[in-house]
Each structure stands twice: as structure tokens, then as C-alpha cells.
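Me: I would like a close look at a single part of this structure, along with whatever packs around it. Please pick one part and walk me through it slowly.

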Amino acid sequence: MAICGDKNYVLQSARETMADALGTQNTRNMMIFSCAARRWMLGGDVNAEMNEVAKRLDGVCKYQFGYSGGEICPVPRPDGKLVNRFHNYSLITCII
């Protein structure tokens, strides 16, 4: 069982995200950004998430993988208005 914030969680969520992304029609290119906090959870195996992504995408589509230092994204307030919030532990995939 993977616990949010540990190495197993990071790798499992990367596998699931790539499977979801590849299930999208006409996936040809991807831009992937992982939160630096996810990398910290990998301990000494800092390339593990990138390697997991490469296993699934190499030869399937073109992609770029990088790390970000936190993510800002609008989320709805109870009144329905959007407000930007700071997130972390995110894995963001833009399918082109």
C-alpha cells in the first residue's frame, strides 16, 4: 500500500498518470511537470520517477519531463468563484 508522500506513492501515481494520458486519443506529445516535493520523497533514487515515465513513454510519444517548485491552480470556492491556490505533490501532464 502506498502512502501519500512516500516513494511507492510517487512511482504508483506516475504509472497511473501515464496510463491515463496514453489512454487519451491521439496522444503524440506530452509536457510533464512533477513537483520537486515528489522528487524529495524518492530519497537517494532521485531519477526513479523520470525512469518510470520513460519506461511507459519511450518509443510511444515525444515528451519532456521537468520539475517545478510548486504549482498554482484555480479551485472553486463554496460560492463558485475561482481562486488560485498553491499545490504540491502534483504531477501535471499536458497532452498535445
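Reply: Let's start with a term. Helices here are DSSP runs of H or I with at least four residues, strands are runs of E with at least two, and both are numbered from the N terminus. The part I have picked is the helix α3, which spans residues 48-57.

Please keep in mind that this is a predicted model. The mean pLDDT of the protein chain is 90, and 95% of its residues reach 70 or more. Among the elements of the chain, α3 has the highest mean pLDDT, 96, while β3 has the lowest, 88.

To see where α3 sits, step back to the whole chain for a moment. There are three helices and five strands, and along the sequence they follow the pattern α-β-α-α-β-β-β-β. Of the 96 residues, 30% count as buried. Among contacts between residues at least 6 apart in sequence, 66% join residues at least 24 apart.

Now zoom in on α3. Which of its residues are buried? They are A48, E49, E52, V53, A54 and L57. One general point about helices helps in reading that list. An α-helix has 3.6 residues a turn, so residues three or four places apart point the same way.

What covers these buried residues? The cover includes the helices α1 and α2 (36-40) and the strands β1, β2 and β5 (91-95).

Take E52 as an example. This residue lies in α3, and its relative accessible area is 6%, so E52 counts as buried. Leaving aside neighbours within four places in sequence, E52 is in contact with L11 and R15.

Two other residues of the helix lead us to the largest nonpolar core, because V53 and L57 belong to the ten residues that make up this core, and a nonpolar core is a set of buried residues joined through side-chain atoms within 4.5 Å. The other members are A14, M18, A21, M30, I32, C61, F65 and L91. The elements that give two or more residues to this core are α1 (7-22), β1 (29-35) and α3, and α1 gives the most, with three residues. There is a general pattern to keep in mind here: in soluble globular proteins, nonpolar side chains tend to be buried together.

You can follow the core from α3 across to the strand β1. Not counting residues up to four places away in sequence, I32 touches both V53 and L57, along with M18, Y63, Q64, F65, G66, L91, I92 and T93. M30 is found in strand β1 too, and its relative accessible area is 2%, so M30 counts as buried. Apart from its neighbours within four places in sequence, M30 is in contact with L57 as well, and its other partners include A21, C61 and C94. By contrast, M30 and M41 are eleven residues apart in sequence but 24 Å apart in space, C-alpha to C-alpha.

F65 is another member of this core, and its relative accessibility is 16%, so F65 counts as buried. This residue also takes part in the one aromatic pair found in the whole structure. Its partner is Y67, and the arrangement is edge-to-face, with 5.3 Å centre to centre and 85° between the planes. Y67 has a relative accessibility of 25%, so Y67 counts as partly exposed.

C61 is in the core as well, so you may wonder about sulfur bridges. How many disulfides does the structure hold? Zero. The sulfur of C73 is 13 Å from the closest cysteine sulfur, which is in C94, and that is too far for a bond. C94 is in no disulfide either, as the nearest cysteine sulfur, in C61, is 12 Å away.

Finally, come back to the end of our helix. What follows α3? It is followed by G59, whose phi is positive, near 80°. To recap, α3 has six buried residues to look for, A48, E49, E52, V53, A54 and L57, and V53 and L57 are among the residues of the largest nonpolar core.

Key: Residues numbered from 1 in each chain as written. Heavy atoms only, no water. Buried < 20%, exposed > 50% of the residue type's maximum accessible area, 1.4 Å probe, protein only. Contact = heavy atoms within 4.5 Å. Disulfide = S-S within 2.5 Å. Phe/Tyr/Trp six-rings, centres within 6.5 Å; stacked < 30°, edge-to-face > 60°. pLDDT = per-residue confidence, 0-100.
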